[in-house]
Amino acid sequence: MDRRTFLAQNGAALAAAALDSAKPSWAQTPADVKLEIAPLALEIAPGKVVRTVAYNGRVPGPLIRWPQGKPIAIDVLNRSTIPEIVHWHGLWIPSNMDGSVEEGSPMIAAGAQFRYAFTPNPAGFRWYHTHAFAGHNLKRGAYTGQFGCFYIEPKGDPGAYDQEVFLTLHDWNAYMSPSDTSMETAYDYSTIDGRMLGYHDPIKVREGQRLLLHLLNASASLVHWIALAGHELTVVAMDGNPVPTPTRVRAVRLGPAERIDAVVTMTQPGVWILGETREPFRKAGMGIVVEYANQQGKPQWIEPPETLWDYQPFASAQSATRQPDEMIPLRFESKFHGAGNFDTWTINGKSYPKTDTIMLRQGRRYRLQMINRSTDDHPLHLHRHTFEVTSLDGKPLSGLNKDVLVVPGKTTAEVDFTANNPGLSLFHCHNQTHMDFGFMMLFRYNS
Ligand SMILES: [Cu+2]
């Protein structure tokens, strides 16, 4: 048994992390995964280059596939020009390893290296991405190519598929654009796995196959709708967690940071487009070709019928069986800052870093009452915990476990979670601009 295994098995993960960061990582055991952050000229289509920052010279970064519960060491070398940090989205890990400076994880200075060491849990489709501030600089933070998929393999593999693919959505070259009342971000290009429609190797399938799609929306601010022309998708998991009621749909909607696992039975031989259902986004590049064996020709697109996204069908019909110990009301509002400026966002009337840190107690179950008083939809994310969605706009539901939830404008959503991972936990809107302009707060509790 090596030192890491010994310490982890003795519940001393924090002590191990402290030792690790005190020593330069080249003096230790080799890392399981190495990520190098560096500028990248990414060719999204022949002759079309976006200047960004990425992991290991590629977009997305390498897929990290790792068995649930097996400790992992990840060395991150920052060869960019600014301090960086990597957040492990959806994992139940300690605050100092979670990759949020607000929670006490360190920034990695330009030129420096840091070792993240933790035990990946829970099983399912997680991801990793930069958690750096962007503010007015739309070439930083989530606007860059710093994201990748992290698949934590369950102890028993369900295996009800023949082939699986991970696909990441992203938008590039952000600029400020006036919306109804304020400024939002818009983009020049949209890609799947860092390439525009028509410039990937097609996804090759065979008739009768069950294709498992792992979709991640890694956009800094946009919701995306995805369909596979001619096919239906059966959603089996959201944010990596199996849904109580797997449901067939014509298109899926993913808010920023959301993930959907969907199984498609390949029953329509042909050459098809998997892409954004809205034409301007497909034209901007968000699509990839799916090609059956022995089929050729121009990739076909079929408009899916217009659908409204509703989380409810995927949940269990019953309302929450367990009542929370405490309710926490959170009101979200924006403050207008004049034409040409981004709004400032508030939670209960205060903007981060002035928001109140809410003290919790280990073992108690809390209900976050997310009251969206603004007209914008917000993808709300809680770090280091999984929550259960317990009501949407007044309608009760249960069994839907997520770490990001899109709360539409002028609605209220409720989510419950158990305080079972002590330390500091960040709660924020996953729209990079919203979070940078105040839409963040912290929870804290001790063991
Ligand atoms: Cu927001």
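**Group meeting: a walk through the domains and strands**

Let's start with one pair of residues: in strand β30, the bridge partner of glutamine 369 is glutamate 414. Before I go on, keep in mind that this is a predicted model.

So where does that pair sit? β30 covers residues 412-418, and its pairing with β25 is antiparallel, with seven bridges. β25 itself spans residues 365-372, and it also runs parallel to β22, residues 326-335, again through seven bridges. If you want a spot to click on there, try phenylalanine 332, whose bridge partner in β25 is asparagine 372. And a quick reminder for anyone who is rusty: strands of a sheet pair through backbone hydrogen bonds, either parallel or antiparallel.

Okay, zooming out. The domain assignment splits the chain into three pieces: domain 1 is 3-153, domain 2 is 163-309, and domain 3 is 326-445. How far apart are the centres of domain 1 and domain 3? Taken over C-alpha atoms, the answer is 24 Å. The two domains do touch: 17 residues of domain 1 are in contact with 13 residues of domain 3. On the domain 1 side of that contact you find eight nonpolar residues, six polar ones and three charged ones.

Next, a sheet with four strands. It's an open one, the order is β2-β1-β4-β6, and the pairing is mixed. Which strands stand at the edges? Those are β2, residues 48-55, and β6, residues 113-118; each has a single partner strand, so one side of each has no neighbour in the sheet. On average, neighbouring strands here are turned by 30° against each other, ignoring direction. Looking at one pairing in detail, β1, which is residues 33-45, joins β2 in the antiparallel sense over eight bridges. Within it, leucine 40 stands opposite threonine 52 of β2.

Last stop: alanine 293. You'll find this residue in the loop between β21, residues 287-292, and β22. Is alanine 293 buried or exposed? It counts as exposed, because it has just 11 C-beta neighbours inside 10 Å, and the cut-off for exposed is 12 or fewer. Alanine 293 still has some company from elsewhere in the chain: leaving out residues up to four places away in sequence, it touches Lys204 and Arg206. Then there's glutamate 207, which is 86 residues from alanine 293 in sequence, yet the C-alpha to C-alpha distance between the two is 7.7 Å.

That's my tour, so over to you for questions.

Notes:
Residues numbered from 1 in each chain as written. Predicted model: local features only at pLDDT ≥ 70, side-chain atom pairs only at ≥ 80, totals over all residues. Domains from an automatic or database assignment. Contact = placed C-beta atoms within 7 Å. Nonpolar A, V, L, I, M, F, W, Y, C, P; charged D, E, K, R; others polar. Pairing = 2+ DSSP bridges. Helix = DSSP H or I, 4+ residues; strand = E, 2+ residues; numbered from the N terminus. Axes fitted to C-alpha atoms, helices over the stretch in contact; angles between N-to-C directions. Buried ≥ 20, exposed ≤ 12 C-beta atoms within 10 Å, placed from the backbone.
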